[in-house]
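Student: I have a model open and would like to learn how to read it. Could you take me through it feature by feature?

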Amino acid sequence: MTQAKKYKRCMVMAGGGFRFGIYLGMYAAACEAGRPPDLLLASCGSAIAASIIASLPDDRQRKAWLNSREMYDFWGKLKSSSQATITRTLAQAAKRKFSKKNVATIPDLFNDYLFEVPEKLPSPPNLTGEPQVAVAIIGGKLLFSEEEVGQLRGQRKLFAETVFCDQHAADLLNGMASPLSDPRWGNHAISDQLLTDVQTPHTVAARISIADMFYFRCYTHAGENYIGGVLDLFPIELARRLADEVMIEFKQGFDQTFSIPAWRSVLGVDGNARLKYVNGQAVDYRIDTSDITFALAKQSAQKKLDWRKNRINLVMPETYDAYVQVMSAQWQYGYERGMEAFQRQQPYEEKLIRSVDRYSRGC
C-alpha cells in the first residue's frame, strides 16, 4: 500500500479563544512571505479562523467576514448560563485547585458551564467550490453519557481525540495513536485511539472545537457528544505526521489558579507541562505570541463580575464599530508577529541548501 504524500506546509493554529482573529493575520503574513500553508491544523477558537480561511478565496473577503455584522451578532448572543454565579464558580475553582487527583470522577460537561453560545457558527453566504486550503480541526469525542456523570473514573478513558479533516489527511493519520497516549502525560483520561471524521463540514467542526470545558457546554453532533480542541491544544505530533514543514506559535503559560486545575480535573493532563514540551520542539517557523494578553489586553471578550447580583457576565464590544476595531487589532497583531517570524527564520530546505553550498566551497 502506497503511503499518502504529506502536505508541504502546515500552520498549527493553537487555541486563541476570543482572539481568533490573530490567525487570519498570521495566515496573510505566511502567504505574503511566500510560505502559504496548504494545511491548517486548528484547535479551539482558532478553528473559527481556519474555517473562514478555507471558505473564502482571498484576504480581503476574509477580513470583511471577520468584521461582518453577522459575526458581530453571533458573539453578541453569548450570555451567562444559570451556573454563572460568582460564589459557585469560585467554590468550584477552589475545589479543583486543592484537589491533586487526575479526573477522580466523570466530569459534568453537560451542565457545568458558564456561558451559552449559539448552536451554529455563522457561515459566509454563497459558498461554492472546494476549500481554498485544507483544514483539519481538533475535537474530543466523549466516551461517557450524561447519566454517568459523577461516577468514579478509576483508570477509565473518557475522551477520544478526533480530527475532522479531508480524506487525504485521514489517510496520513491512519494507524496513528493519540499524541496524549505517551506515558509521559501520566494517568490522564484520553484514549490511545485517534479518530478521524471526513463527513463533518469544517464549519460544524469549528463549532465543536470551541466547546471549552467549564466555559461552554459540550457539543452534540450526529448523535455523539464532543469536547473542544482543548483536548489537544498544541497538536505538534499531528502536524509532523501530516506535513513536511511546520509553523507553530510560542505561547505563554497557563495560570495555576483556574486553567491548570481545570485541565487536571477534566483531562488529567498538566497543561503547562504539555506546553513546555511543545515550545521546546524544533519546528521550521516559530511565531511568538507570548505577549498576547498584554498586547491585546482589551481586544477580546471580557469577564465582568457583578457582585451585587452574584453574576459573571461576558462583555463583548458594545457597538459594531468597537467590534471592528477589536477584530482589526487582532488581525494586525497576528500579521505583525507572523512577518517577524518569517523574516527572521529560514525554512529547513533553504538552510540545507546553504549548508551544502558552504561545504562545497570548503567554508
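What follows is a dialogue about helices, cores, surface, cysteines and backbone angles.

Tutor: One caution before we start. This is a predicted model.

Student: Let's begin with helix α1. Why is α1 described as largely enclosed by the rest of the structure?

Tutor: Count its buried residues. Helix α1 spans residues 22-32, and 9 of its 11 residues are buried, so the rest of the structure largely encloses it. The buried ones are I22, Y23, L24, G25, M26, Y27, A28, A29 and A30. Look just past the helix too. G34 has a positive phi of about 80° there.

Student: Next, the interior. Which residues have the most contacts inside the largest nonpolar core?

Tutor: The general idea is that nonpolar side chains in soluble globular proteins tend to be buried together. Here the largest core holds 65 residues, and M11, M13, L40, I48, M71, W75 and F342 have the most contacts inside it. Helix α12, residues 320-344, supplies the largest share of this core, with 9 residues. A second core is separate, with 52 residues, among them I106, I138, L173 and M213.

Student: Let me zoom in on M71. What does M71 touch, leaving out residues up to four places away in sequence?

Tutor: M71 contacts F20, I48, I52, W65, L66, P122 and Y323. One of these partners, I48, is also on the list of residues with the most contacts in the largest core.

Student: Now the outside. Which residues make the nonpolar surface patch?

Tutor: L90, F258, L305 and W307 make it, and the patch covers about 430 Å². Take L90 as the example. L90 sits in helix α5, residues 86-98. Its relative accessible area is 41%, so L90 is partly exposed; the partly exposed range runs between 20% and 50%.

Student: On to the cysteines. How many disulfides are there?

Tutor: A disulfide is a covalent bond between the sulfur atoms of two cysteines. To count one, the two sulfurs must lie within 2.5 Å. The count here is 0.

Student: Why does C44 have no bond to C218?

Tutor: Distance. C218 has the closest cysteine sulfur to that of C44, but the gap is 15 Å, so they are too far apart for a bond. C44 counts as buried because its relative accessibility is 9%.

Student: And C165: which cysteine has the closest sulfur?

Tutor: C10 does, at 12 Å, which is too far for a bond. C165 also counts as buried, at 6% relative accessibility.

Student: Then the backbone. What is notable about the phi of V103?

Tutor: Most residues other than glycine have a negative phi. V103 is not glycine, yet its phi is positive, near 50°. V103 lies in the loop between α5 and β4. At 1% relative accessibility, V103 counts as buried.

Student: Where is F214 found?

Tutor: F214 is in the loop between α7 and β8. F214 has a positive phi as well, near 70°. Its relative accessible area is 14%, so F214 is buried.

Student: Last one. How do I place T293, and what does T293 touch?

Tutor: Start with the helix: T293 is in α11, residues 292-295. T293 is partly exposed, with a relative accessible area of 30%. Leaving out residues up to four places away in sequence, T293 touches R19 and Q252. Then check a distance. T293 and Q332 are 39 residues apart along the chain, and 15 Å separates their C-alpha atoms.

Note on methods
Residues are numbered from 1 along each chain as its sequence is written. Side-chain values use heavy atoms; hydrogens and water are left out. Buried means under 20% relative accessible area, exposed over 50%, partly exposed in between (1.4 Å probe, protein chains only). Helices (H or I, at least four residues) and strands (E, at least two) are DSSP runs, numbered from the N terminus. A nonpolar core is a set of buried Ala, Val, Leu, Ile, Met, Phe, Trp, Tyr and Cys residues joined through side-chain atoms within 4.5 Å. Contact means heavy atoms within 4.5 Å. Patches are made of residues with over 30% relative accessible area and no salt bridge: like charges are joined within 9 Å, nonpolar side chains (Val, Leu, Ile, Met, Phe, Trp, Tyr) within 5 Å. Accessible areas come from the Shrake-Rupley method with a 1.4 Å probe; for residues, only the protein chains shown count as cover. A salt bridge is a side-chain nitrogen of Lys or Arg within 4 Å of a carboxyl oxygen of Asp or Glu.
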